[in-house]
Amino acid sequence: MNSPPETPSAADRPAVSDAELLTAHINGDPHAFSEIVKRHRDRMWAVALRTLGDPDEAADAVQDAFVSAYRKAATFRGEAAVTTWLHRIVVNACLDRMRRKSVRPVADDELIEAAERETPGPDQTLEREVSMEVSAALKLLPADQRAALVLVDMMGYSVEDAAQVLEVPSGTVKSRCARGRAKLAPILSHLRNRSDLSRVSSAKGAELRDG
Amino acid sequence: MTGDTHYDLDTLADLAEGLLDAGQARQVREHLAVCDPCGELLADLAAVREVLAATPTPAMPMGVALRIDKALAAEAGSSRGGVGLAQAPDWDELMRDSPWEKTAVAASDEPAPEPVRLGVVADDGTIVPARRRSARRPRWAVPAVAAAAAAAVVGTAVVSTGLLASGGGTVAPSVIAASSAAPAVTTPTEVPVRARAYALTDSQHNYSDENLALPLGKFLAPAPIIQGPSEAEQADKCVGKLTSRTKFSVFAVDQGQYNGQEAIVMASRKSKAAKRIRIDVVDPFSCKNLRKPAMGRW
């Protein structure tokens with residue numbers, strides 16, 4: 001992974017790389033894997049929580065993923081970054097869970113209902129409010145679009161990195177993102193006028209419009 | 001089509017993502033230049049990206065992290081014969097069947113005869129009780145052997161074989177009997193009695209699990225005892241909470257740190273006759289345990 005949020009700054013980059021830790025783990029170092037977990041658990045949690053939209057489900061998925069990674073560490077061939085490999089396992093654990101629960105695509109009228117339903121509580125902080133609305137909105141998307149948007153728009157990974165994690169071509173990631181954003185736009189549009197977001201998003205909109 | 005037909009969100013999203021071919025893209029842009037409603041839609045699409053990017057991604061909650069550590073420790077135990085991860089297990093879960101968890105019941109008016117449960121021998125030779133209600137949290141429950149391995153790894157679960165094996169008091173009736181007769185306030189000989197029922201010190205010592213496995217009197221007794229109520233409110237609150245939960249009498253409390261974090265260390269025991277003490281390390285603000293309660297010595 002080479003996108004900015006993925007790589008710690010040069011100053012605090014750990015002396016031992018993830019790949020070295022994974023090798024140490026395969027060779028029987030009992031502490032190596034827990035170091036890998038410690039380094040990446042927050043990001044894995046964020047991905048699972050946003051993809052599944054439910055903390056219990058996310059906890060199960062991340063646990064399954066780490067245990068699975070622990071078991072099949074020896075099959076890691078080093079063709080991708082350890083983080084990409086871990087993300088892939090986590091995302092697949094999430095997608096498996098969603099498939100098992102057979103999340104159905106949402107009809108348009110439900111999307112409209114969801115847009116009308118939102119009535120933020122008076123005492124919630126803006127951040128929490130936005131977070132809850134986003135979570136609820138993401139749940140309305142089909143699993144593959146949700147996974148793509150979580151990686152690219154929420155976690156800030158490049159389309160190429162997300163494509164590696166999801167094991168699909170970059171073009172597929174782009175089109176899943178586009179479909180997902182088109183579905184979310186009516187639901188989240190009212191957030192556009194929030195003071196902290198409006199400035200930057202209209203600037204971005206203008207930039208896109210003007211090509 | 002400019003002026004009379006609008007574009008839908010899908011097309012505009014494709015434009016933004018660069019998925020339209022050059023001709024189509026030019027056509028849509030020409031329309032956007034003159035159509036405000038479509039321009040609004042495009043801005044909505046851009047806002048989706050901004051909102052998603054601005055949504056905070058919380059850190060993994062401690063409970064989930066502990067769960068995962070435990071699952072991995074169990075995994076390590078099953079594949080490597082007991083080598084676990086150097087992480088704290090979920091002590092609440094592990095210590096659920098410990099003698100003190102049942103003390104309140106045993107000491108109350110219903111001395112329901114509890115069958116002695118078999119313990120499991122951990123790798124280091126200590127005995128931990130077999131789990132009784134392993135189905136309560138089935139999703140991440142680990143087998144007793146794995147729990148034992150995890151407990152052994154932490155190194156703080158220095159448990160008394162006799163105490164734990166005794167379960168509900170069938171084997172060690174003397175301890176239970178002594179407790180019901182014991183006075184509410186007990187004070188060790190090293191610490192003089194003050195207005196408070198326990199000796200409160202403020203050593204600011206940074207405790208580790210290693211020190212807490214040593215006789216605790218070594219750390220607590222030498223520190224000057226605080227008598228004023230001013231700084232002691234939190235300690236009093238945490239002591240009160242512990243006492244109401246365990247019915248043990250707290251006899252020494254120290255304000256310090258645990259692994260660099262502000263902490264209150266409380267030593268309590270069932271009765272003055274008890275050889276072993278219970279050690280609780282809690283957060284001074286929430287009174288929540290920072291590590292699992294453990295048996296120790298004074």
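**Following the salt bridges**

Start in chain A, where A:Asp153 and A:Arg181 form a salt bridge, their closest N and O atoms sitting 2.8 Å apart. This is a predicted model, so keep that in mind as you look around. The two partners come from distant parts of the chain: A:Asp153 belongs to helix 7 (residues 143-154) and A:Arg181 to helix 9, 28 residues apart. Neither end is out in the open. A:Asp153 has a relative accessibility of 5% and counts as buried, and A:Arg181, at 3%, counts as buried too.

Now stay on A:Arg181 and look across to chain B. Its side chain also meets that of B:Glu17 in a salt bridge, at 2.6 Å from N to O. A:Arg181 lies in helix 9 of chain A, while B:Glu17 lies in the loop between helix 1 (9-16) and helix 2 (22-34) of chain B, so this pair joins two chains. B:Glu17 is buried, just like A:Arg181. Add B:Arg49 and you have a network of salt bridges linking A:Asp153, A:Arg181, B:Glu17 and B:Arg49.

Searching the whole structure turns up 15 salt bridges over all chains. Another one worth a look is between A:Glu167 and A:Arg88, with 3.8 Å between the closest N and O atoms. Here A:Glu167 sits in the loop between helix 8 (159-166) and helix 9 (170-188) of chain A, and A:Arg88 in helix 4 (residues 82-100), so the bridge ties together parts 79 residues apart in sequence. The two ends have contrasting surroundings: A:Glu167 is exposed, with a relative accessible area of 53%, whereas A:Arg88 is buried, at 15%.

Methods. Residues numbered from 1 in each chain as written. Chains lettered and ligands numbered in written order. Predicted model: local features only at pLDDT ≥ 70, side-chain atom pairs only at ≥ 80, totals over all residues. Heavy atoms only, no water. Salt bridge = Lys/Arg side-chain N within 4 Å of Asp/Glu carboxyl O. Helix = DSSP H or I, 4+ residues; strand = E, 2+ residues; numbered from the N terminus. Buried < 20%, exposed > 50% of the residue type's maximum accessible area, 1.4 Å probe, protein only.
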